[in-house]
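Colleague: I have not looked at this model before. Please take me through it, and give me the reason behind each label you use.

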Amino acid sequence: MPAAAAAAVLLGAAAAIPNAATATTAQTVEISGFAFKPAVLDVAAGDAITFVNHDQEAHTVVAQSGAFKSSGLDTNDQWTVRISKPGKYPYFCSLHPYMKGTIVVRAARGMH
Amino acid sequence: MQRKDFLEHVAWTGAGIAYALSAGGLMTGTALARGVTGSIDFVQISDSHIGFHQEANPDVSATLQSAVNAINALPDQPKFVIHTGDVTHLSKPEQFGTAKDILSQLRAPLIVIPGEHDFIGQDYNSFFQAFPTPKGGKQWFSWDQNGTHFVALINVFDFEKMGLLGNDQLTWLKRDLAAQSRSTPIVVFTHAPLYALFPSWGWTTEDGTKAIAMLQPFDNVTVLSGHIHQVVTHQEGNIRFATADATAYPQPAPGTADKPGPLTLPHDQLLRAIGYRNVVLEKGHAAAIDDRRFA
Ligand SMILES: [Cu+2]
C-alpha cells in the first residue's frame with residue numbers, strides 16, 4: 001500500500017472543541033528509531049496531533065487510559081488525533097510496549 | 001514379513017517413519033532405527049510478516065512461498081508444520097488472506113499460533129478465523145502425537161506487556177502437564193521467547209519463569225519460539241530453548257544495535273538469514289533441530 005493511510009479521530013464532547021474562530025495548531029510526533037519524538041508533547045485542547053512512522057517496522061499509538069488507539073502504522077503512515085479534554089495522556093506502542101510517550105493537553109487558547 | 005509388505009505397512013500406519021531405500025533397495029539403518037523407537041518429525045516456520053514491503057524484504061510473500069515449496073519438496077513429509085506467529089505484519093484482512101493462500105498449499109497439516117502483529121487492535125477474531133485452532137477454541141491448546149506431548153501457548157494476548165501468559169493459561173498448563181509422565185518428551189511452542197532472552201527489546205515472557213518451573217521436572221523438554229527473527233539456543237536443566245529464523249527478514253543479534261527491527265541485507269545475504277526449521281524427536285534423545293536457510 002504505497003499511499004500513506006491517514007486517519008483522524010475526534011475525542012470528547014463536541015462542545016469542548018474550539019470553533020473555527022479559535023486558532024488550533026498542528027502538532028507532530030515523529031516515530032523513528034523505536035521512539036516517539038518528542039516523548040512529551042504539549043498541545044492545546046483540540047489541536048491536531050499527527051503521528052508519522054518513519055521506521056521500517058510498524059508501530060501503534062495506544063493511550064494507557066484507552067482514550068485513543070491507532071491502528072497499525074506502516075512505514076510512512078500517519079494518524080491524527082484531537083483531544084478536547086485537558087489532562088495528561090501517557091501512551092505507548094502496543095507492538096513495542098517499552099516505547100512510551102505523553103501528550104499534555106492544556107485548555108484551548110482563548111477559552112480562559 | 002517381506003520387505004515389500006513392511007514398507008507398505010509403515011506407509012499405511014503413517015508413523016512418521018523415514019522408510020528411505022538405499023540405492024541397493026535395502027532399508028537404511030536410520031530408517032529402521034526410527035521405525036523401532038518411534039519418532040516424530042515436524043517443521044517450524046515463523047514471522048512471515050505478510051504485508052511488509054520495505055527494503056529489508058520487498059517481497060515477503062515470495063519468501064514464504066519459498067518456504068512452502070521447500071517443505072512440500074521434502075521426500076518425507078513432516079507430521080505437521082507449525083507457524084509460530086507474526087503471520088501478518090498489520091493484522092489486515094488481505095494480509096491474512098494472502099498468508100492463508102500460501103500456507104494452505106502445504107501438503108502437511110498446518111498449525112498456526114499468533115504473534116503480536118496478528119493481534120493489532122486487540123482484534124483476535126481475524127487471526128482465529130483465518131487459522132482456527134485444531135479444536136476450534138480461541139486460545140492455547142495441547143495434543144499428543146507419536147508419544148510426544150505438544151503444547152501451543154499464546155503469550156501475546158496482553159498488549160501492554162509483551163510476552164505474558166496470564167494466570168488462566170498458567171493454571172491450564174499446570175493441569176495439562178500434571179497428566180504427563182516425566183519421561184514423555186514435551187515440546188512447547190510460543191511466539192515470544194519463554195525465557196528472558198533480551199528483555200529490553202521485549203524478547204521475553206514476563207511470567208515465563210512460572211511456566212519454566214512447571215516444565216523443569218520433565219526429562220526432555222524443547223521450547224521453540226519465534227519473534228526475534230534469528231536462531232538463539234539456550235539450555236536450562238532439561239529444557240532446551242531455540243528461537244527460529246523468520247521467513248521475512250532478520251533482526252539484529254541481541255544488543256548489537258540500538259534497537260530491534262528489520263535488518264536490511266543484500267538479497268543474497270537475506271536468503272542466508274531466513275528459512276525454516278526441521279525438527280526430529282526420538283524418544284530418549286534431545287530434539288534434533290536443523291535450521292535450513294534459503295541460500
Ligand atoms: Cu512500536
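Modeller: Helices (H or I, at least four residues) and strands (E, at least two) are DSSP runs, numbered from the N terminus. By that rule A:P38 falls in the loop between β3 (35–37) and β4 (40–44) of chain A. The model is predicted, so local features need pLDDT of at least 70 and side-chain atom pairs count only at pLDDT 80 or more, while totals for chains, interfaces and linings use all residues. Residues are numbered from 1 along each chain as its sequence is written, chains are lettered from A and ligands numbered from 1 in the order in which they are written, and side-chain values use heavy atoms, without hydrogens and water.

Colleague: What makes the peptide bond that joins A:K37 and A:P38 stand out?

Modeller: The bond is cis, with omega at about 0 degrees.

Colleague: How confident is the predictor in chain A, and where does pLDDT stay under 50?

Modeller: pLDDT is the predictor's confidence in each residue, from 0 to 100. Chain A has a mean pLDDT of 84, and 76% of its residues reach 70 or more. Residues 1–8 of chain A stay under 50, as do residues 12–21 of chain A. For residues 1–8 of chain A the model has 13 contacts (heavy atoms within 4.5 Å) beyond four places in sequence; for residues 12–21 of chain A the number is 12. Where pLDDT is low, the predicted coordinates should not be read in detail.

Colleague: How many residues of each chain take part in the contact, and how much area is buried?

Modeller: Chain A gives 21 residues and chain B gives 27 residues. The buried area between the two chains (accessible area, 1.4 Å probe, lost on being put together and summed over both) is about 1,900 Å². Carbon and sulfur atoms give 58% of it. On the side of chain A, the residues that lose the most area to chain B are A:Q56, A:L95 and A:Y98, together 33% of what that side buries.

Colleague: How many salt bridges and polar contacts lie between chain A and chain B?

Modeller: A salt bridge needs a side-chain nitrogen of Lys or Arg within 4 Å of a carboxyl oxygen of Asp or Glu, and the rule finds zero between chain A and chain B. Polar contacts (N or O atoms within 3.5 Å; within protein, one must be able to donate a hydrogen and the other to accept it, and residues adjacent in sequence count only if both atoms are side-chain atoms) join seven residue pairs, both at pLDDT 80 or more. The side of chain A that touches chain B has nine nonpolar, nine polar and three charged residues. In that count, Ala, Val, Leu, Ile, Met, Phe, Trp, Tyr, Cys and Pro are nonpolar, Asp, Glu, Lys and Arg are charged, and the others, Gly among them, are polar.

Colleague: How do you know that B:R293 and B:D245 form a salt bridge?

Modeller: Their closest N and O atoms are 2.7 Å apart, so the pair meets the cut-off for a salt bridge. B:R293 lies in strand β11 (residues 288–293) of chain B and B:D245 in the loop between β9 (239–243) and α8 (267–271) of chain B, so the pair ties together parts 48 residues apart in sequence. Over all chains the structure holds four salt bridges.

Colleague: Why is B:D245 called buried?

Modeller: Buried means under 20% relative accessible area, exposed over 50%, and partly exposed in between (1.4 Å probe, protein chains only). B:D245 is at 6%, so it counts as buried. B:R293 is at 38%, so it counts as partly exposed.

Colleague: What makes B:R277 and B:D291 a salt bridge, and is B:R277 buried or exposed?

Modeller: The closest N and O atoms of B:R277 and B:D291 are 2.8 Å apart, so the rule is met. B:R277 sits in strand β10 (residues 275–282) of chain B and B:D291 in strand β11 of chain B, so parts 14 residues apart in sequence are tied together. At 0% relative accessibility, B:R277 counts as buried.

Colleague: What is noted about phi at B:H229, and why is B:H229 called buried?

Modeller: B:H229 is not a glycine, yet its phi is positive, about 60 degrees. B:H229 is in the loop between β7 (221–225) and β8 (233–236) of chain B. Its relative accessible area is 2%, so B:H229 is buried. B:Q230 is in that loop too, and at 12% B:Q230 also counts as buried.
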